[in-house]
Amino acid sequence: MAVRKSVKWLFFLINLVVALVLISPLLYALNASFMTEGELINYPPALIPSSFYLRNYSDALHMAPIFRFIFNSAVVSVACTAAQLLTGALAGYAFGVLKFKGQKVLFFLMLATMMIPGQAIIIANYLTVVKMGLIDTFGAMILPYTASAFCIFNMRQAFMSLPKELNESAKIDGCNSLQFFVRIGVPLTKPFLGSLGIYTFLSVWNQYLWPLLVTNSVQMRTVQIGIGMLQNAEGNAYGPIMAAAIMILVPSVLVFILGQKSLISGLTAGAIKG
């Protein structure tokens, strides 16, 4: 018993050390956002600010429209997440539950798109968006990311994990495919939808290259581009840059914290207890 408890404490300490190492850059960025310019360039570097220097945050807001960047990223991330979950759930249900001619061929063709690097099709997507007249709009940033092969594949696996008896009993009770999808399939796959939603939101939130290509005006820029603009505006003004980085990081951290339960449920969901 004592050995088991010692092993448990050992694993706890190892996890604690790894967690501190992983979170240390974030903690330093938070501390640096409250440091004066002198403390930031001091050697040896200070790890804890001498006082809460809030001017870095006000300077960051004056140097760039940070809240506008956050709003743009939030609109794009929420729209892309909702679209990918909808298309992923519908396609995953079709591939995982329904039976139709050419199902396997279509599924493998869809799956093959996951092996194509995004950079390989970015020019084609850009030319398509230009022809549609969507440059410098939310549509340009959202449209190419309304569907995801990764999301479809995971939702197919989620629907395939449901007992076949559920579908059969629903048909006996007069439930058609759409009713089964809405009333039974989606509620039972909520953990998968939650984990995929968090993953998709954070992926779109952290995009840089595509929003940079399809936006021209400052008012349409997203947060990742905003950080680059902030750095170019004032050179090595590390205090405001760190303050802006913390403000930009807050929404994604909140999404992760609020969706942590769904994320864990999605990772551990593998069976349905009846």
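These legends accompany close-up views of a predicted model.

**View 1. A nonpolar patch lies on the surface of the model.**
Twelve names make up this view: Trp9, Phe12, Leu13, Leu16, Leu20, Ile23, Leu26, Leu27, Leu249, Val253, Phe256 and Ile257. Together these residues offer about 1100 Å² of accessible area. Two elements, α1 (2-32) and α14 (238-258), each give two or more residues to the patch. Helix α1 gives the most, with eight residues. Phe12 is a good place to begin looking, as a patch member that lies in helix α1. With a relative accessible area of 46%, Phe12 counts as partly exposed.

**View 2. Helix α1 also carries Lys8 and Tyr28.**
Here are two more residues to find along the helix. Is Lys8 buried or exposed? Lys8 has a relative accessibility of 61%, so it counts as exposed. To place Lys8 in the wider model, follow the chain to Ile121, 113 residues away, where the two C-alpha atoms are separated by 49 Å. Ile121 will appear again in the next view, among the residues that lie nearest the centre of the largest pocket. Tyr28 is partly exposed, with a relative accessible area of 29%. Between Tyr28 and Val250 there are 15 Å from C-alpha to C-alpha, although they sit 222 residues apart along the chain.

**View 3. The largest pocket has a volume of about 790 Å³.**
Its lining is made of 24 residues. Which of them lie nearest the centre of the pocket? They are Gly118, Ile121, Pro144, Tyr145 and Gln207. Four helices, α6 (122-131), α8 (149-160), α11 (190-205) and α12 (209-214), each supply at least two residues of the lining. Among the contributors, α11 gives the most, with four residues. Sorted by class, the lining of the largest pocket holds 15 nonpolar and nine polar residues, and no charged ones.

**View 4. The second largest pocket encloses about 520 Å³ of space.**
Several helices meet the lining of this pocket: α4 (66-96), α5 (103-112), α8, α9 (164-172) and α10 (177-188) each give two or more residues. In total, 21 residues line the second largest pocket, and those nearest its centre are Gly96, Val97, Lys99, Met160 and Lys164. How many of the lining residues are charged? Six are charged, while 11 are nonpolar and four are polar. The lining of the largest pocket, for its part, has no charged residues. Helix α8 is worth following between the two views, since it is listed for the largest pocket and for the second largest one.

**View 5. One cavity of 30 Å³ or more turns up in a search of the whole structure.**
Rolling a probe the size of a water molecule over the atoms shows where empty space is left. The volume of this largest cavity is about 40 Å³. Around it you will find Ser73, Val76, Ser77, Val204, Trp205, Gln207, Pro211 and Thr222. The elements giving two or more residues to this lining are α4 and α11, and α4 gives the most, with three. By class the lining has four nonpolar and four polar residues, with no charged residue. Look out for Gln207, which lines the cavity and is also one of the residues nearest the centre of the largest pocket.

**View 6. Asp59 and Arg55 form a salt bridge.**
Side chains of opposite charge can pair when their charged atoms come close. In this pair the closest N and O atoms are 3.6 Å apart, which is a salt bridge because the cut-off is 4 Å. The count for the model comes to one salt bridge. Both partners lie in helix α3 (residues 55-63), four residues apart, or about one turn of the helix. Asp59 is partly exposed, at 23% relative accessible area, whereas Arg55 is exposed, at 52%.

**View 7. Asp136 has a positive phi.**
The angle is about 65°, and the residue is not a glycine. Where does Asp136 lie? Its place is in the loop between α6 and α7 (138-142). Asp136 is partly exposed, with a relative accessible area of 22%.

Definitions and conventions. Residues numbered from 1 in each chain as written. Predicted model: local features only at pLDDT ≥ 70, side-chain atom pairs only at ≥ 80, totals over all residues. Heavy atoms only, no water. Patch = residues over 30% accessible without salt bridge, like charges linked within 9 Å, V, L, I, M, F, W, Y side chains within 5 Å. Areas by Shrake-Rupley, 256 points an atom, 1.4 Å probe, with all protein chains shown as cover. Salt bridge = Lys/Arg side-chain N within 4 Å of Asp/Glu carboxyl O. Buried < 20%, exposed > 50% of the residue type's maximum accessible area, 1.4 Å probe, protein only. 1 Å grid on protein atoms, 1.4 Å probe; cavity = no way out; pocket = protein on both sides within 12 Å on 5 of 7 lines; lining within 4 Å. Points joined across faces, edges and corners; volume = space filled by probe spheres on them. Nonpolar A, V, L, I, M, F, W, Y, C, P; charged D, E, K, R; others polar.
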